[in-house]
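Visitor: Please take me through one part of this model in close detail. I would like a single helix and its surroundings.

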Amino acid sequence: MHTDQHFPGLVDLRERTVSPLVYVDRDVYQAEQELIFAKSWLYVGHESQLPNDADFIVTSMGEVSVMVWRRADGGIGVYLNSCPHRGMRICREESGRAKAVVCPYHGWSFDQKGALRGIPNFDDTYAGVLDKSRWGLIPVARVETYRGLIFACFDPDVVPLADYLGHAKWYLDAALNRSAKGLRALPGVLRWQVEANWKFGAENAAGDNAHASIAHASVLPMFNEPAKPGGKPFDDPFNHEVKMGNGHGWIALKQPPERHPAVAAHVEKVREEAAALLTPKQLEQYGNFYVGTIFPNLSLFFAGTPTLRVWQPRGVNRMEVWSWTFAEGDPSAEVIEAQRQSMTTSFSASGLVEQEDGLMWSSCQRELESGVVRRRHPLNYAQGANKGYTEPDRPGLLGKNPTEIGIFGFYERWRADMGGVR
């Protein structure tokens with residue numbers, strides 16, 4: 001295990017700076033796999049993706065491939081997608097339904113509880129030598145859910161999920177508890193790679209709204225009101241960001257009325273349901289644009305269409321983005337298609353906004369890797385540091401846009417985890 005104590009020093013709490021090594025150093029990246037991804041609650045799926053007995057999906061927890069499997073008793077098991085015999089990847093499907101899986105290398109088979117059920121020629125070659133009860137699939141230690149989100153953690157001693165989410169529960173409720181039917185994942189997952197460290201995506205969604213009117217100045221008028229000049233985005237008094245604690249961050253922005261008639265009608269229908277489920281302050285969030293990050297690498301994008309995404313680490317200078325689109329309540333086929341097209345046009349591999357973000361992040365990565373001189377000079381995260389405020393009916397430390405309190409909160413948690421302090 002990494003024990004190098006210089007990692008916390010890469011984030012300066014007093015100056016509110018972050019060393020470029022956080023993004024480019026391979027030792028830092030490897031330590032993250034042990035100190036963050038092996039010890040944090042990680043999003044692995046949504047309950048609507050596993051509606052029936054034996055349904056499964058395959059996803060990643062950091063660099064580790066896992067199966068998320070609905071058991072016969074209705075519970076959910078998460079297992080390493082690796083045969084205990086030789087390490088072979090067992091399941092090569094992205095999703096499906098199966099009572100058992102069979103390793104394609106030597107034919108070992110496992111049931112929904114991860115138990116080893118069969119080995120070819122067992123009686124002739126293994127009887128009296130191998131105890132099947134000890135050679136099942138490797139389980140992930142903890143699995144819990146919140147509002148349909150499935151989280152798992154390798155660390156058996158991790159705090160309960162509700163404690164880990166903390167103040168973020170209030171904001172997740174505002175986003176995920178607006179309809180009696182909740183969210184339903186639409187089929188498929190969008191995946192694309194960006195040549196940048198995974199934290200560029202996660203921090204952006206945790207609280208970087210300062211870039212919007214500058215980096216996206218050419219495309220925002222297509223979706224929203226024209227961007228304001230001079231780097232002062234979105235002047236509506238509603239707009240705010242939140243440092244939710246535990247590394248979680250949130251952005252909320254006023255959104256113009258929905259233009260598509262069918263979608264607008266659906267939005268109002270869900271609003272009526274939401275009024276009975278949310279507090280008045282939570283209801284203020286409804287119908288607006290918001291995005292947030294649950295530390296370390298789950299982000300929510302609600303830009304008229306509910307979307308969840310995970311920033312999968314694939315090396316110190318590469319991330320793989322996994323993005324799912326959801327239907328809310330009971331929308332018509334017309335509404336679903338309109339919302340899907342909206343997200344494809346804006347926040348997807350081919351989306352206009354997404355392409356600009358990817359270009360920015362990959363350019364930052366290249367420059368920070370360009371030489372030892374650049375890596376000596378830290379990055380600044382001090383915007384809005386002395387302007388945070390609190391409200392009695394809304395948790396967390398709030399800040400008016402633009403501010404970086406949410407982003408630096410992400411790095412405060414990163415620093416604590418990398419130093420072994422939780």
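Guide: What follows is a close look at helix 14 and its surroundings.

This is a predicted model: local features need pLDDT of at least 70, side-chain atom pairs count only at pLDDT 80 or more, and totals for chains, interfaces and linings use all residues. Residues are numbered from 1 along each chain as its sequence is written, and side-chain values use heavy atoms, with hydrogens and water left out.

Start with the element itself. Helices (DSSP runs of H or I, at least four residues) and strands (runs of E, at least two) are numbered from the N terminus. Helix 14 covers residues 405–418. The expected span of a helix is 1.5 Å times one less than its number of residues. For the 14 residues of helix 14 that gives 20 Å, and the end C-alpha atoms are 20 Å apart, which agrees. Gly 420 follows helix 14, with a positive phi near 75 degrees.

Next, burial. Buried means under 20% relative accessible area, exposed over 50%, and partly exposed in between (1.4 Å probe, protein chains only). In helix 14, 11 of the 14 residues are buried, so the helix is largely enclosed by the rest of the structure. Among them are Phe 408, Phe 410, Arg 413, Trp 414 and Asp 417.

One partner is helix 6, residues 198–207. Two packed helices are described by the angle between their axes and the distance between the axes. Here the axes come within 7 Å and cross at roughly 130 degrees. Axes are lines fitted to C-alpha atoms, for helices over the stretch in contact, and angles run from 0 to 180 degrees between N-to-C directions. Angles under 35 degrees count as roughly parallel, over 145 as roughly antiparallel, 65 to 115 as roughly perpendicular and the rest as oblique. Helix 6 and helix 14 are therefore oblique to each other. On the helix 6 side, the residues that meet helix 14 include Trp 198, Ala 202 and Ala 206. On the helix 14 side they include Gly 406, Phe 410 and Trp 414. Contact means heavy atoms within 4.5 Å.

Now Phe 295. It lies in the loop between strand 17 (289–294) and strand 18 (298–302). Phe 295 is buried, with a relative accessible area of 0%. Phe 295 and Phe 410 are 115 residues apart in sequence, yet 7.0 Å apart in space, C-alpha to C-alpha. Leaving aside neighbours within four places in sequence, the contacts of Phe 295 include Phe 410, Arg 413, Trp 414 and Asp 417. Ile 36, Trp 41, Tyr 164 and His 248 are also among its contacts.
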